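Student: I've got a model on my screen and a few labels I'd like to have justified. Can we go through them together?

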Amino acid sequence: MSEKNFPRKKKEKLLALGVSFEKTDAWEEKFALLKQYYAEHGDLKIPANYVVESVWLARWLTEQKARLNGKSTGRSGKKKTLTEGQAKKLMSLGVQNNVLNNFNTSNEIISTWYLCVTGENKMDEDKNLLILGAGQYGQVAKEIAEKTGKFNTIVLLDDFSADVSYKSRVTEYSFAFVAVADMTERLKLTLILEECGYTIATLISPKSYVSKTAKVGKGVMIEPFAAVNSGAVINDCCYIGANATIDCGSEVGRGSTICCGATVVDNTYVEPKTEVKHGQICYGNKLAKKTPEGNNYCFEDGM
């Protein structure tokens, strides 16, 4: 029985009768709410007035970000910090650690909690990669991973919708990547893989260009001859197609797909789970229109 929000007098009576109470972890409870929000919305852009189970979630997240980056202090002046486990959980949802994260060129992109598979980075764990999805995206992901020369074994898993075997293969494959077209499913499966203990790989073709000032998240795939220019941000689980361009200062929201030959012009924000189709140009702050399914977004011609 949990003691949270339990009246003191009733608690004392129950204790006298030998009833025991489980101690709850307040941080874990609030993180569970944060994780639920991420699963439902695909991002952590929480409105300031958003309250769930009496928790002002945006305020709590702001405090955790400050602790993660060493900018939170108590009344005594002592810094408030997170445990390693708490920091890792926050970063699994895309919360950035500006102290630890180190983004460089496409020949050397690596951060504390996930591997960007390219360049000369060395892996301490086994060099095996499990790719969920054996269709078009799976084949491209496999080819890019092979071109990096960083994996001993690369396996494509096709039928995983009704099969949970991938959840128990973390002892065989330290790294995993989700290669499916459905943007909502892509985010969902990536989160499941992280919970299972996999390191989420980011696959960047050696033939692409990524500026040293650009930021690339986990679970991202950048195909040959794509360009990610100065100051651009590619958030988690995005696919950037061949010959696509993400111009200076632009940001692509989580789970988005920028198809081959598409262009996101400078200082443009692309909403999470957006598809910019082949050859299209995305510019300004105009939001994409919802598809008939209502789950994802798609830019239409004539913007």
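Tutor: Here is a short talk about cysteines, cavities and backbone angles.

Tutor: This is a predicted model, where local features need pLDDT of at least 70, side-chain atom pairs count only at pLDDT 80 or more, and totals for chains, interfaces and linings use all residues. Residues are numbered from 1 along each chain as its sequence is written, and side-chain values use heavy atoms, with hydrogens and water left out.

Student: How do you know that Cys-237 is in no disulfide?

Tutor: A disulfide here is a pair of cysteine sulfur atoms within 2.5 Å. A search of the whole structure finds 0 of them. For Cys-237, the nearest cysteine sulfur belongs to Cys-238 and sits 7.5 Å away, so the pair fails the 2.5 Å cut-off. Seen from Cys-238, the nearest cysteine sulfur is that of Cys-237, again at 7.5 Å.

Student: What makes Cys-238 count as buried?

Tutor: Its relative accessibility is 0%. Buried means under 20% relative accessible area, exposed over 50%, and partly exposed in between, with a 1.4 Å probe and protein chains only. Cys-237 has 2%, so Cys-237 counts as buried too.

Student: And why is Phe-225 called exposed?

Tutor: Because Phe-225 has 53% relative accessibility, it counts as exposed. Phe-225 lies in the loop between strands E11 (221-222) and E12 (227-228), strands being DSSP runs of E with at least two residues, and helices runs of H or I with at least four, numbered from the N terminus. Its phi is near 70 degrees, a positive value in a residue other than glycine. Cys-237 has a positive phi as well, near 65 degrees, and is in the loop between E13 (233-234) and E14 (239-240).

Student: What makes something a cavity here?

Tutor: On a 1 Å grid over the protein atoms alone, it is a set of points where a 1.4 Å probe fits but cannot get out; lining residues have an atom within 4 Å of a point. The structure holds 2 cavities of 30 Å³ or more. The largest has a volume of about 40 Å³, and the second largest about 30 Å³.

Student: Which element gives the most to the lining of the largest cavity?

Tutor: Helix H6 (residues 183-196), with 4 residues. Cys-237 is among the residues lining that cavity, and Cys-237 is also one of those lining the second largest. In the second largest, E6 (175-178) has the largest share, 3 residues.

Conventions:
On a 1 Å grid over the protein atoms alone, a cavity is a set of points where a 1.4 Å probe fits but cannot get out, and a pocket is an open set with protein on both sides within 12 Å along at least five of seven lines; lining residues have an atom within 4 Å of a point. Grid points are joined across faces, edges and corners, and a volume is the space filled by probe spheres set on the points.
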